[in-house]
Amino acid sequence: MNALSQAHRAYSAASTPTRTTRGTEYEAVARITTRMKSSHEMGPAGFTSLAEALHDNRKLWNIFAIDVADPGNSLPKDLKARLFYLAEFTNHHTSKVLARQASVEPLLEVNTAIMRGLRSRGSQR
């Protein structure tokens, strides 16, 4: 490897876009929501992949719940309470979907609403 290629490698990383926390959250929710939706659209044949996506969605919402419960979280109190409620709802409703007692649609709606909220505020965080 010569000096020119080393310099190119060192400075090429600087050209990658910087992600904000909000952008990272949006990407995580969007990726999981897409997986849940496509698995759901496969019908019974997609139940295994739906269960995997639901598991990841539940983990993500647990992370959100832990984050908003942190005393150092600077979000408004009302917003933190609403997000914590949605995390609880997601956990409870996921159990019903996995037991085949409820539709995944409400979880898709919640995630879509969160994505809209993350996008509408731009990159404030």
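1. In this predicted model, helix α3 passes helix α5 in a left-handed crossing. The residues that make this contact are Leu54, Asn57 and Trp61 on the α3 side, and Leu107, Val110, Asn111 and Ile114 on the α5 side. By character, the contact residues comprise 5 nonpolar and 2 polar ones, with no charged residue among them.

2. Regarding the geometry of the packing, α3 spans residues 47-69 and α5 spans residues 105-120. The two helices pack at an angle of about 45 degrees, and their axes are 12 Å apart. An angle between 35 and 65 degrees is neither roughly parallel nor roughly perpendicular, and α3 and α5 are therefore oblique to each other.

3. The count of aromatic pairs comes to 1. The pair is formed by Trp61 and Phe64, whose rings lie 5.2 Å apart, centre to centre, with 90 degrees between the planes. Because planes over 60 degrees apart count as edge-to-face, the arrangement of Trp61 and Phe64 is edge-to-face.

4. Both partners of the aromatic pair belong to helix α3, where Trp61 and Phe64 are 3 residues apart and so are separated by about one helical turn.

5. Concerning solvent accessibility, the cut-off for a buried residue is under 20% relative accessible area. Trp61 has a relative accessible area of 1% and is therefore buried. Phe64, at 14% relative accessibility, also counts as buried.

6. Trp61 deserves mention under two headings: this residue of α3 takes part in the contact with α5, and Trp61 also forms the edge-to-face pair with Phe64.

Technical notes
Residues numbered from 1 in each chain as written. Predicted model: local features only at pLDDT ≥ 70, side-chain atom pairs only at ≥ 80, totals over all residues. Heavy atoms only, no water. Axes fitted to C-alpha atoms, helices over the stretch in contact; angles between N-to-C directions. Helix = DSSP H or I, 4+ residues; strand = E, 2+ residues; numbered from the N terminus. Parallel < 35°, antiparallel > 145°, perpendicular 65-115°, else oblique. Left-handed = near helix turned anticlockwise from the far one by under 90°. Contact = heavy atoms within 4.5 Å. Nonpolar A, V, L, I, M, F, W, Y, C, P; charged D, E, K, R; others polar. Phe/Tyr/Trp six-rings, centres within 6.5 Å; stacked < 30°, edge-to-face > 60°. Buried < 20%, exposed > 50% of the residue type's maximum accessible area, 1.4 Å probe, protein only.
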